[in-house]
Amino acid sequence: MSFQTSSPHEPSDATRAYQAAGVNLQMADALVDWAKDAAQSTRRPEVLSSVGGFSAAFKIPKGYQNPVILAACDGVGTKLALAEATGNFSSIGIDLVAMSVNDLLAQGGEPLTFLDYAASGKIESHWLKPLLHGVAEGCCQAGCALVGGETAEMPGFYPVGRFDVAGFCVGVVEEDALLPRRGAQQAGDVILGIPSNGPHSNGFSLIRKLLVDHQPSPQEPETAYMNWLMQPTQIYVAPVRQTLQAFSASIHAMAHITGGGLMGNIPRVLKADLSAQLNTQSWCRDSGWTWLQALGQLDNLTMAHTFNWGIGFVLIVAKEASGKVLDTLNSHLSAHHMKVASVIGHLIDTPGQSGVILT
């Protein structure tokens, strides 16, 4: 959403002409006030600029000796269609933040700033306000500052009532703390899995197809699972960073389980010739996963390739430290009212290849 506007309070001839083309400048003006309030609630002391400038200025936090800047961007995919159907737009705002900050976290990073982008055929407050409030809530959970953004009203390009969003996050990490540490990984390293609270923001093209094919009525069980499907992506920043600060040398890699599921995301951080062997019976899954798997008659490999399947974030830890790391991690997860982690597997030697093996 654009945090800057120069249009007059009283519509000029130019303003009226633009409105006739389908662009509501007065709504854009009102948006600035919403954005200022949202940004203020996430402000960090390192923010040097005020809302409304051409760009945001932010100081690297004190204490970093050799800082490396991290950057990530993402959207929320076709989960937007379910948000439109259910009217649950605030959860989408949290999703938008979570997808990027969790990616930065996987490299050991501290999220610093966040910007968002929304494009629509028509700016409408019924979805934009809760979306922005959700973005601010997500930023507060992640400890990063909402420093700006852009809203594009594009009549004739997007159908009225449809919109898309994207989020952009910048973070920082000490150079010697950058993950993954592939050189430290070895067979026997323990894999800790932190539970998800639903599908997060991935796999919704398949989910929507299954819902359409099955055509549930309001009395059918899948209707009760809609709230589960719309749960916002869990933001793991606080408890994981607290654990990382205590056991930096013992944590060899971390992975955010997004598109591609467990099968696609864990190999991204593995050393060549090592694979992750996962015991699919080692973690508890919400009943929603059982319902979804049965609805589509999906096998375990499809579930692990398409969804997070109950595990939202993974840590790969030296075997000798794994017990202490798990205890500390679970203490922090509990303090943040999150489900506790468990051991879900370990690394094994697989000469000539690297991947995930389900058992």
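Reader: What volume does the second largest pocket have?
Author: This is a predicted model, and the pocket is computed from it. Among the residues lining the second largest pocket are D103, H256 and R268. The volume of that pocket is about 220 Å³.

Reader: Which strand gives the most to the lining of the second largest pocket?
Author: The lining includes M254, A255 and H256. One strand gives 3 residues to the lining. That strand spans residues 251-256, and the name asked for is β6.

Reader: How many residues in the lining of the second largest pocket are nonpolar, polar and charged?
Author: A106, L179, P180 and V269 are among the lining residues, and so are Q107 and N265. Sorted by class, the lining has 2 charged residues and 3 polar ones. The nonpolar residues number 6.

Reader: Is T258 buried or exposed?
Author: T258 sits in the loop between β6 and α10 (261-265). Its relative accessibility is 9%. The cut-off for buried is under 20%. T258 therefore counts as buried.

Reader: Which residues is T258 in contact with, leaving aside its neighbours within four places in sequence?
Author: The pocket lining includes D103, N265 and R268. T258 is in contact with each of these three. Its other contacts are M99 and N202.

Reader: In what order do the 6 strands of the open sheet run?
Author: The pairing in this sheet is mixed. The edge strands are β6 and β10 (356-358), each pairing on one side only. The twist averages 25° from one strand to the next. The order is β6-β8-β5-β9-β7-β10.

Reader: What is the bridge partner of A276 in β10?
Author: Strand β7 covers residues 274-278. β7 and β10 run parallel and are joined by 3 bridges. In β10, the partner of A276 is V356.

Reader: What angle does helix α13 make with the direction of β5?
Author: Helix α13 (residues 322-335) packs on the sheet of 6 strands. It touches β5 (190-195), β6, β8 and β9 (342-349). The angle with β5 is about 10°.

Reader: In what order do the strands of the 4-stranded open sheet run?
Author: The pairing here is mixed. β1 (67-74) and β3 (145-153) are the edge strands, each pairing on one side only. The twist averages 15° from one strand to the next. The order is β1-β4-β2-β3.

Reader: Which residue in β3 is the bridge partner of D116?
Author: Strands of a sheet pair through backbone hydrogen bonds, either parallel or antiparallel. β2 (residues 110-120) and β3 pair in the parallel sense, over 8 bridges. The partner of D116 in β3 is G149.

Reader: At what angle to β2 does helix α5 run?
Author: Helix α5 spans residues 125-142. It lies across β2, β3 and β4 (163-174). Its angle to β2 is about 170°.

Reader: Is W127 buried or exposed?
Author: W127 is found in helix α5. Apart from residues up to four places away in sequence, it touches F89, A118, S120, K122 and F163. Its relative accessibility is 1%, and the cut-off for buried is under 20%. W127 therefore counts as buried.

Reader: How far apart in space are W127 and G161, C-alpha to C-alpha?
Author: W127 belongs to helix α5. In sequence, W127 and G161 are 34 residues apart. In space, C-alpha to C-alpha, the distance is 9.3 Å.

Methods
Residues are numbered from 1 along each chain as its sequence is written. This is a predicted model: local features need pLDDT of at least 70, side-chain atom pairs count only at pLDDT 80 or more; totals for chains, interfaces and linings use all residues. Side-chain values use heavy atoms; hydrogens and water are left out. Two strands pair if DSSP finds at least two bridges between them. Helices (H or I, at least four residues) and strands (E, at least two) are DSSP runs, numbered from the N terminus. Axes are lines fitted to C-alpha atoms, for helices over the stretch in contact, and angles run from 0 to 180 degrees between N-to-C directions. Contact means heavy atoms within 4.5 Å. On a 1 Å grid over the protein atoms alone, a cavity is a set of points where a 1.4 Å probe fits but cannot get out, and a pocket is an open set with protein on both sides within 12 Å along at least five of seven lines; lining residues have an atom within 4 Å of a point. Grid points are joined across faces, edges and corners, and a volume is the space filled by probe spheres set on the points. Ala, Val, Leu, Ile, Met, Phe, Trp, Tyr, Cys and Pro count as nonpolar, Asp, Glu, Lys and Arg as charged, and the others, Gly among them, as polar. Buried means under 20% relative accessible area, exposed over 50%, partly exposed in between (1.4 Å probe, protein chains only).
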